[in-house]
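Trainee: Could we go through this model together, one question at a time? I'd like to see how each answer is reached.

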Amino acid sequence: MKLIIHDRDGVINYDSEQFIKSPDEWRPIPGSLEAIALLNRWGWRVVVASNQSAVGRGLIDMDTLNAIHDKMTKSLAQVGGRLDAIFFCPHPADSTCNCRKPKPGLFIDIRERYNIDLTDVPMVGDSLRDLQAAKAVGGLPCLVLTGKGAKTREDPKLPPQTLIFDNLAGVAAHLTA
């Protein structure tokens, strides 16, 4: 099985310092939905793994998060794409949970759900914590320069062997070449 794991905010859609709090605030980064559709056509299963602390902070409720994800999946369907699953951590930043990236809990859940070894599975993110979580499970960290990615590229803690791409379309082109 070909599996790829993406972060959401800053990778698929524009990020916000004030959090994405409604479906209206969710706006795809140009080319990201088409990139997922391309990966689907080439036989990739696409899973999202995302920190969503707005839930734990009380900024949005689960119905709103589900509505945001519904808009994302419907927008993907309009370009011929789909997500196989969405995993998220609803806890605030100060939580001691194991699912908030950079901890590997979300990826461990994905590994168990799909019964797959995550070694060298591409894991796409725009923040250091995304890449650190990927390395913790042996995944292949892929940094996109959208969202916080340009700033993350300069971080001295960037995991070795991180692949760097301009955007999600660059990741998809690389994997389907």
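**Helices, sheet and loops**

Trainee: At what angle do helix 1 and helix 7 pack, and are they roughly parallel or antiparallel?
Mentor: Keep in mind that this is a predicted model. Helix 1 (residues 32-41) and helix 7 (residues 168-176) have axes 8 Å apart, and they pack at an angle of about 20°. Angles under 35 degrees count as roughly parallel. Therefore helix 1 is, relative to helix 7, roughly parallel.

Trainee: Is the crossing of helix 1 and helix 7 left-handed or right-handed, and which residues of helix 7 make the contact?
Mentor: The crossing of these two helices is left-handed. Helix 1 brings Ser 32, Ala 35, Ile 36, Leu 38 and Leu 39 to the contact. On the side of helix 7, the residues are Leu 168, Ala 169, Ala 172, Leu 175 and Thr 176.

Trainee: How many nonpolar residues does the contact of helix 1 with helix 7 have?
Mentor: Sorting the contact by class gives no charged residues and two polar ones. The count of nonpolar residues is eight.

Trainee: Which strands stand at the edges of the sheet, and why is one side of each left without a neighbour?
Mentor: Six strands make up an open sheet with parallel pairing, in the order 3-2-1-4-5-6. Each edge strand has a single partner strand, so one of its sides has no neighbour in the sheet. The edge strands are strand 3 (85-89) and strand 6 (163-165).

Trainee: By how much are neighbouring strands of this sheet turned against each other on average?
Mentor: This is an average over neighbouring strands of the sheet, with direction ignored. The value is 25°.

Trainee: Which residue of strand 2 does His 6 stand opposite?
Mentor: Strand 1 (residues 2-6) pairs with strand 2 (residues 44-51) in the parallel sense, over five bridges. Opposite His 6, in strand 2, is Val 48.

Trainee: What angle does the direction of helix 5 make with that of strand 5?
Mentor: Helix 1 packs on the sheet, touching strand 1 and strand 2, and its direction makes about 140° with that of strand 2. Helix 5 (residues 128-136) also packs on the sheet, touching strand 2, strand 4 (122-125) and strand 5 (140-144). Its direction and that of strand 5 make an angle of about 165°.

Trainee: Which residues does the cis peptide bond join?
Mentor: Look in the loop between strand 3 and helix 4 (105-114), where Pro 102 is found. Omega is about 25° for the bond, which joins Lys 101 and Pro 102.

Trainee: What radius of gyration does the protein chain have?
Mentor: The chain has seven helices and six strands, and its C-alpha trace spans about 40 × 35 × 35 Å along the principal axes. With 177 residues, a compact globule would have a radius of gyration near 16 Å. The chain's value agrees with that: 15 Å.

Terms used
Residues are numbered from 1 along each chain as its sequence is written. This is a predicted model: local features need pLDDT of at least 70, side-chain atom pairs count only at pLDDT 80 or more; totals for chains, interfaces and linings use all residues. Side-chain values use heavy atoms; hydrogens and water are left out. Axes are lines fitted to C-alpha atoms, for helices over the stretch in contact, and angles run from 0 to 180 degrees between N-to-C directions. Helices (H or I, at least four residues) and strands (E, at least two) are DSSP runs, numbered from the N terminus. Angles under 35 degrees count as roughly parallel, over 145 as roughly antiparallel, 65 to 115 as roughly perpendicular and the rest as oblique. A crossing is left-handed if the near helix is turned anticlockwise from the far one by less than a right angle, and right-handed if clockwise. Contact means heavy atoms within 4.5 Å. Ala, Val, Leu, Ile, Met, Phe, Trp, Tyr, Cys and Pro count as nonpolar, Asp, Glu, Lys and Arg as charged, and the others, Gly among them, as polar. Two strands pair if DSSP finds at least two bridges between them. The radius of gyration is taken over C-alpha atoms; the globule rule is 2.2 Å times the number of residues to the power 0.38.
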